Amino acid sequence: MFAAERRQLILEMVRANGAVSLRELARVVQTSEVTVRRDVRALEAEGLLDRRHGGAVLPGGFTRESGFPQKSHLSTAEKTAIADLAAGLVGEGEAIVVGAGTTTQELARRLARVPGLTVVTNSLLVAQALAHANRVEVVMTGGTLRGSNYALVGSGAEQSLQGLRVSRAFLSGSGLTAERGLSTSNMLSASVDRALVQAAAEVVVLADHTKLGSDTMFQTVPTELITRLVTDEPPVHDERAATELQALADQGVEITVAGPDTESGGDPLPPGRQTRQDMPLPGQRRTQGGHGGPGGLGPQLRSAAALAEGPVGRVADMRRR
C-alpha cells in the first residue's frame, strides 16, 4: 500500500470512530506502528487530525466524545486484559459501584459469578451484563438516560447515590494524567462519576495505555483519590505512557499492568494466575477490605436511593481516609 493510500485509510478510520489507537491503525493498514506514527504526523501537519498519546483523533478531539458503537471497537484486546485483572480484585460478598464505559462493561461480564456481590451502577450496559447472574444483586441509580453511552446521568442519578457507602468504585474515562487524574469529555457524565467516587472507600481506574497522558475537559477523579490503576502494557516505544505511569506511581497510585500473556475469559481469574506488574510505590496505599454480609440473592434491580434508605448489611460502611 502506498503512503497516500495508507493515509487516506487512516483518515477514514479516524473520521468513522472519532479516535483510533496506533496499534489498531497498524493492524488495519498492515504496517508497523512506526510507519503509522509517521503517517499520523503528516496528517496532523495538514490539519486533518490531531495526535493523541498512542493514537489519533479528529481535530478538536479535546472536546469530542465518541459514542458507544465507536468505543466498543477500540482497543478490545487491551480492555479484555484489563477487565480480567480488575475482576480479580473483587471478593465474595463485596459491595461495589461500577461506572459507565466499554471497559467497565467488560469487567461486569466477569463479575457474574462472584457470589453475594452487590453492584451499584448508572450504566444500562453494566446492568445488562449482570442481569442473569443468579448470585449478584444489581442496584440502578435514577437519572436521565444519556443515549450515547447508555448511562443514567443528571441530578436524579447523583441524588440516588447520597448516603451510599461501598468498598470500591471501578471507573473509566476519556483521559488520565498524573497532573489532573481521570477526566471525561461530558459534563453530566463527569458529575455522576464524582458522585460514584464519593460513595466508595477506594477508587480503581480502568484505562488502556492510549488514554495515558490524554487530558479532556472535565475532571472526574483527582489523582490523590485514585487508589489503583489497572492498565495494559504500553508499546516499548511509547515513552510518554511509561513516563505517565511512573508519575502516577510517584503520587501514590498503585499500578497494575496486564502483560501480553494475560489470560482472558468470562470468569475472574484466581489472583495467583494473573499476569501483572505491580510497580513499587513510595508511601504505597493500603487496600482496605469491605465485604458486605451474606448474599445469594437472585438478580434484582432496585434504586440506589432505596438501598441507601434500607438495611445496609450488604454494603460496607467504610470511611474514606
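The following conversation goes through a predicted model and asks what lies behind the words used to describe it.

Reader: How many helices and strands are there in the protein chain, and what share of its residues is buried?

Author: The chain holds 11 helices and 17 strands, and buried residues make up 55% of its 321 residues. Of the contacts with a separation of 6 or more, 71% are between residues 24 or more positions apart.

Reader: Why is the pair R51 and E44 called a salt bridge?

Author: The term asks for a side-chain nitrogen of Lys or Arg within 4 Å of a carboxyl oxygen of Asp or Glu. The closest N and O atoms of R51 and E44 are 2.7 Å apart, and because that value is within 4 Å, the pair is a salt bridge. By this rule the count comes to 13 salt bridges.

Reader: What makes R51 and E44 partly exposed rather than buried or exposed?

Author: Buried means under 20% relative accessible area and exposed means over 50%, with partly exposed in between. R51 has a relative accessible area of 36% and E44 has one of 28%, so both residues count as partly exposed.

Reader: How do you know that R109 and E106 are about one helical turn apart, and are they buried or exposed?

Author: R109 and E106 are 3 residues apart in helix α6, which covers residues 102-110, and therefore they are separated by about one helical turn. Their side chains meet in a salt bridge, with 2.5 Å from N to O. R109, at 41% relative accessibility, counts as partly exposed, whereas E106, at 17%, is under the 20% cut-off and therefore counts as buried. Both residues belong to a network of salt bridges that also links D84 and R110.

Reader: What is the angle between α5 and α6, and why is α5 called oblique to α6?

Author: The axes of helix α5 (residues 76-87) and α6 come within 8 Å and cross at roughly 50°. Angles under 35 degrees count as roughly parallel and 65 to 115 as roughly perpendicular; because roughly 50° falls in neither range, and is not over 145 either, α5 is oblique to α6. The crossing in which α5 passes α6 is right-handed.

Reader: Which residues of α5 and α6 meet?

Author: From α5 the contact takes K79, T80, I82, A83, D84, A86 and A87, and these meet T102, T103, E106, L107 and R110 in α6. By class, the residues of this contact divide into 5 nonpolar, 3 polar and 4 charged.

Reader: Why are α2 and α3 called roughly perpendicular?

Author: Helix α2 (residues 22-29) and helix α3 (residues 33-45) pack at an angle of about 105°, with their axes 9 Å apart. Because that angle falls within 65 to 115 degrees, α2 and α3 are roughly perpendicular to each other. In their contact, L22, R23, L25, A26 and V29 of α2 meet E33, V36, R37 and V40 of α3, and by class there are 6 nonpolar, no polar and 3 charged residues.

Reader: What makes Q30, in the loop between α2 and α3, an exposed residue?

Author: Q30 has a relative accessible area of 73%, and because this is over 50%, Q30 is exposed. Q30 also has a positive phi of about 60° although it is not a glycine. Y150, in the loop between β7 (144-146) and β8 (151-153), has a positive phi of about 55° and is not a glycine either. The relative accessible area of Y150 is 36%, so Y150 is partly exposed.

Reader: How do you know that T121 is buried, and which residues does it touch?

Author: T121 has a relative accessible area of 0%, which is under 20%, and therefore T121 is buried. T121 lies in strand β5 (residues 117-121). Not counting residues up to four places away in sequence, T121 touches V98, V126, A127, V138, V139, M140 and T141.

Reader: What makes the pair D215 and R180 a link between distant parts of the chain?

Author: The side chains of D215 and R180 meet in a salt bridge, at 2.5 Å from N to O. The two residues are 35 residues apart, with D215 in the loop between β12 (200-206) and β13 (218-221) and R180 in the loop between β10 (175-177) and β11 (181-184). D215, at 26% relative accessibility, counts as partly exposed, and R180, at 22%, also counts as partly exposed.

Methods: Residues are numbered from 1 along each chain as its sequence is written. This is a predicted model: local features need pLDDT of at least 70, side-chain atom pairs count only at pLDDT 80 or more; totals for chains, interfaces and linings use all residues. Side-chain values use heavy atoms; hydrogens and water are left out. Buried means under 20% relative accessible area, exposed over 50%, partly exposed in between (1.4 Å probe, protein chains only). Helices (H or I, at least four residues) and strands (E, at least two) are DSSP runs, numbered from the N terminus. Axes are lines fitted to C-alpha atoms, for helices over the stretch in contact, and angles run from 0 to 180 degrees between N-to-C directions. A crossing is left-handed if the near helix is turned anticlockwise from the far one by less than a right angle, and right-handed if clockwise. Contact means heavy atoms within 4.5 Å. Ala, Val, Leu, Ile, Met, Phe, Trp, Tyr, Cys and Pro count as nonpolar, Asp, Glu, Lys and Arg as charged, and the others, Gly among them, as polar.
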